[in-house]
Amino acid sequence: MCIIDSFIDEQSEKFEDSLPSIADDIPALHNVATDLNTVSQGCNLIVYGAPGTGKSYFLNKYEPNLRTVFHRDYHNSDFIGAYRPFSEGDDIKYLFVPGPFIKCFISALKNPTSQQNLIIEEINRASASAVFGEIFQLLDRDKNGKSIYEVEPSHVLFNYLDGVLNDTAGWNGKLYMPSNMSILATMNSADQGVERMDAAFKRRWTFQYMPIDFEMIDAEDARRSDCISYGSVNLSWCKLAESINSILGANGLP
C-alpha cells in the first residue's frame with residue numbers, strides 16, 4: 001500500500017488546515033451506541049456518516065414515524081407549530097398548525113402502547129439548538145425513556161393541545177417526551193458546509209456511525225473496475241476508497 005500512502009500524504013498536504021475541523025465534528029466516544037437493533041423505549045438517536053451510506057434507509061424501519069428535514073431556513077415555529085393564515089371566501093382566518101414535534105407528541109399520548117418515532121433528516125443543516133428551542137430541555141431522559149424535565153407550553157400552544165388532548169391520559173398541561181416517543185435523526189459528517197452542534201446539545205444524543213459498505217457494490221459496477229491511475233498503478237474506486245478509509249481509521253478518524 002506504499003503507493004496509496006504516498007498518494008494520501010501528497011494530497012493531505014493540500015488540506016492540512018481542514019483536518020482539525022473534520023475531527024471536531026466527530027461525536028465523543030462515550031456517545032457511540034452499542035445495540036440499536038430495536039428501539040423499545042424513548043431515545044434520542046443520531047445516525048451519522050458520509051452521504052449515500054443508507055442512514056435514511058436504516059431509520060425508515062422504525063414505524064410508525066413522522067419525517068421532517070432540517071435546512072437553513074427551518075425555524076422553531078416550523079418544528080413546534082405556529083398560527084398560519086387561511087382564506088375562507090373573502091375572509092382570512094388564522095389557525096394553529098402543529099409542527100412535526102407536536103404531531104408526534106400528540107400521537108405518542110394517544111397511542112401509549114406503541115412506539116412513535118420522529119425522524120429528522122439532515123439535523124445539522126439547520127441550527128439545531130435554535131430549532132429545538134425550549135424543547136432542548138426535554139432531551140434529558142430517565143431510565144424509562146421519559147423526559148426528566150417538563151416545560152410550560154406557550155398560551156397558544158397550550159390552548160391547542162388542551163383542545164386536542166382533552167381527557168387523554170398523560171396530558172398534564174406540560175410539554176415532555178413520553179417514554180414511547182423517540183427522536184431519530186440523520187447527520188452528514190462529511191460536509192463542511194453544515195451547522196456545528198455544541199457539546200451541550202450533542203451529549204443528549206446517542207450516536208450510531210453508518211460506515212460505507214463496499215460489499216453492497218455489485219461486481220459489475222464500474223466502481224470495481226481499474227479506472228483510477230496513479231503513477232504506474234491502476235486501482236478501482238472501491239480499492240482506493242477502502243484503503244484511504246483504512247488509513248484514516250488507523251489514525252483515529254472513522
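Colleague: Before we start, what does "buried" mean here?
Modeller: A residue is buried if its relative accessible area is under 20%. Keep in mind that this is a predicted model.

Colleague: OK. So is Glu121 buried or exposed?
Modeller: Glu121 has 9% relative accessibility, and the cut-off is under 20%, so Glu121 counts as buried.

Colleague: Which strand is Glu121 found in?
Modeller: Glu121 is in strand S5.

Colleague: And what does its side chain make a polar contact with?
Modeller: With the side chain of Thr186, at 2.9 Å. Setting aside residues up to four places away in sequence, Glu121 touches Ser56, Arg67, Thr68, Val69, Phe70 and Thr186.

Colleague: How many residues of S5 are buried?
Modeller: Six of its six, so to speak of S5 as mostly covered fits the cut-off of under 20%. Both faces are covered. Gln116, Leu118 and Ile120 sit on one side, while Asn117, Ile119 and Glu121 sit on the other.

Colleague: Why do they split between two sides like that?
Modeller: Because in a regular strand the side chains alternate between the two faces of the sheet.

Colleague: Let's zoom out to the sheet. What is the strand order?
Modeller: The order is S2-S5-S6-S1-S7, five strands in an open sheet with parallel pairing. S2 (65-69) and S7 (206-209) are at the edges with a single partner strand each, so one side of each has no neighbour in the sheet. From one strand to the next, the twist averages 20°.

Colleague: How many bridges do S2 and S5 pair over?
Modeller: Five, in the parallel sense. In that part of the sheet, Thr68 stands opposite Ile120 in S5.

Colleague: And S5 with S6?
Modeller: S5 and S6 also pair in the parallel sense, over five bridges. Gln116 stands opposite Met181 in S6.

Colleague: What about S1 and S7, how many bridges there?
Modeller: Four, again parallel, with S1 covering residues 44-49. Tyr48 stands opposite Tyr209 in S7.

Colleague: Which strands does helix H5 lie across?
Modeller: H5 (residues 100-110) lies across S2, S5 (116-121) and S6 (181-188). The helix runs at about 165° to S5.

Colleague: Switching to the greasy bits: how many residues has the largest nonpolar core?
Modeller: That core has 41 residues. Phe79, Phe101, Ile123, Phe132 and Trp205 have the most contacts inside it. Elements giving two or more residues include S1, H4 (76-80), H6 (128-132) and H7 (155-164). H5 gives the most, with seven residues.

Colleague: Which residues is Phe79 in contact with?
Modeller: Leaving out neighbours within four places in sequence, the partners of Phe79 include Phe70, Tyr74, Phe101, Ile102, Leu118, Ile120, Val131 and Phe132. Gly99 and Pro100 are also among them.

Colleague: What does the second, separate core include?
Modeller: That one has nine residues, including Leu45, Phe58, Tyr62 and Leu184.

Colleague: Last topic, the whole chain. How many helices and strands are there?
Modeller: Nine helices and nine strands. The chain has 254 residues, and 39% of them count as buried.

Colleague: How much area does the chain expose?
Modeller: About 14300 Å², with carbon and sulfur atoms supplying 51% of it.

Colleague: And what share of the contacts joins residues 24 or more positions apart?
Modeller: Among contacts with a separation of 6 or more, those residues account for 72%.

Technical notes:
Residues are numbered from 1 along each chain as its sequence is written. This is a predicted model: local features need pLDDT of at least 70, side-chain atom pairs count only at pLDDT 80 or more; totals for chains, interfaces and linings use all residues. Side-chain values use heavy atoms; hydrogens and water are left out. Two strands pair if DSSP finds at least two bridges between them. Axes are lines fitted to C-alpha atoms, for helices over the stretch in contact, and angles run from 0 to 180 degrees between N-to-C directions. Contact means heavy atoms within 4.5 Å. Buried means under 20% relative accessible area, exposed over 50%, partly exposed in between (1.4 Å probe, protein chains only). A polar contact is a pair of N or O atoms within 3.5 Å; within protein, one must be able to donate a hydrogen and the other to accept it, and residues adjacent in sequence count only if both atoms are side-chain atoms. Accessible areas come from the Shrake-Rupley method with a 1.4 Å probe; for residues, only the protein chains shown count as cover. A nonpolar core is a set of buried Ala, Val, Leu, Ile, Met, Phe, Trp, Tyr and Cys residues joined through side-chain atoms within 4.5 Å.
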